[in-house]
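Open the model in your viewer and keep the selection box handy. We will go from one stop to the next.

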Amino acid sequence: MFFEFGLKDFIDILLVALMLYYIYRLMRESRSLNVFVGILIFIVVWVFVAQIIEMRLLGGILDKLVSVGVIALIVIFQDDIRKFLYNLGAHQRVRTIMRFFSPKKTDERDQAQLKKSIIPIVMACMSMAKGKVGALIVVQRNSPLDDIVSTGEVVNADINQRLIENIFFKNSPLHDGAMVIADRRIRAAGCILPVSHSLEIPKDLGLRHRAALGMSQESDALCIIVSEETGYISIAKGGVFRLRLSAEELEGILTKEMS
């Protein structure tokens with residue numbers, strides 16, 4: 001007998017398709033696409049054996065493998081699962097709803113303090129861009145970056161243009177790593193960031209850009225890059241680049257994202 005196909009069944013199939021597509025994208029970015037294909041093949045065989053032709057012995061064995069395999073996959077892909085859950089919680093619409101329930105009040109004094117923190121960053125980036133001094137600055141937003149701070153040298157200083165330039169000076173021992181700014185203070189320098197392996201990154205962008213993109217994919221941080229080769233200033237946010245920014249554009253983005 002043919003089963004009745006209704007609206008609920010259509011929505012069910014659509015949601016499963018969207019879930020599989022998102023998992024496919026996640027696996028492709030983490031270079032685990034073959035694992036994803038292998039899992040799909042195993043699921044198809046399991047459903048065919050256990051549900052369609054109802055082979056009890058082989059179906060029972062596959063049932064046990066599936067129950068154990070779920071735990072194994074969680075252990076193997078814990079970083080990818082954490083990234084998926086983080087992206088879900090950090091989605092723009094979800095954050096808009098959260099801001100509706102917990103509105104953030106800002107006054108003139110807070111805006112003045114924000115401006116005082118942003119201007120030295122912008123001025124330092126423009127100065128380093130002019131001299132083609134490479135730099136990578138990570139600005140913490142909602143997601144804490146204590147694990148990243150622990151990979152570098154703790155600074156814990158006020159945001160200062162000269163300090164930023166000295167840290168990224170070519171002969172400085174900390175110039176190769178990333179600087180982390182949190183709570184409007186320079187928390188650490190020389191930090192190590194996760195590198196993105198995305199194949200969509202333009203080949204003319206170097207390791208600093210890959211590290212910035214990787215950091216922006218795993219957190220809601222704002223990553224500022226000053227290219228040592230071209231002197232261009234870029235920002236990575238949410239896994240997306242904004243390239244060749246002017247001082248006004250950089251200041252506008254920082255004002256919007258840090259407020």
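Which residues does Ile-118 touch, not counting residues up to four places away in sequence? Select Ile-118 and show its surroundings: the partners are Glu-251, Leu-254, Thr-255 and Met-258, where contact means heavy atoms within 4.5 Å.

A word on the ground rules. This is a predicted model, numbered from 1 along each chain as its sequence is written, with side-chain values that use heavy atoms and leave out hydrogens and water. Local features need pLDDT of at least 70 and side-chain atom pairs count only at pLDDT 80 or more, while totals for chains, interfaces and linings use all residues.

**Stop 1: colour by confidence.** pLDDT is the predictor's confidence in each residue, from 0 to 100. Its mean over the protein chain is 82, and 83% of the residues reach 70 or more. Select strand β1 (residues 135-139) for the highest confidence, at 96, then helix α5 (residues 92-101) for the lowest, at a mean of 52. Where pLDDT is low, the predicted coordinates should not be read in detail.

**Stop 2: cartoon view.** You should find 10 helices and seven strands; these are DSSP runs numbered from the N terminus, helices being H or I with at least four residues and strands E with at least two. Of the 259 residues, 34% count as buried, that is, under 20% relative accessible area with a 1.4 Å probe and protein chains only, whereas exposed means over 50% and partly exposed lies in between.

**Stop 3: back to Ile-118.** Ile-118 is found in helix α6 (residues 108-130) and counts as buried because its relative accessibility is 0%. Draw a C-alpha to C-alpha distance to Leu-254: the two are 6.7 Å apart in space and 136 residues apart in sequence.

**Stop 4: helix α10.** Select residues 247-258. The end C-alpha atoms of α10 are 16 Å apart, which agrees with the 16 Å that its 12 residues should span at 1.5 Å a residue, taking 1.5 Å times one less than the number of residues. Now pick out its buried residues, Leu-250, Ile-253, Leu-254, Glu-257 and Met-258. They cover an arc of only 105° around the axis, so they sit on the same side of α10; the arc is that of the directions from the helix axis to the C-beta atoms. On the other side of α10, look for exposed Glu-248 and Lys-256.

**Stop 5: Ser-172.** Go to the loop between α8 (161-167) and β3 (178-182), where Ser-172 lies. Ser-172 counts as buried, at 14% relative accessibility. A polar atom of the Ser-172 side chain lies 3.0 Å from the backbone oxygen of Ile-167.

Notes: A polar contact is a pair of N or O atoms within 3.5 Å; within protein, one must be able to donate a hydrogen and the other to accept it, and residues adjacent in sequence count only if both atoms are side-chain atoms.
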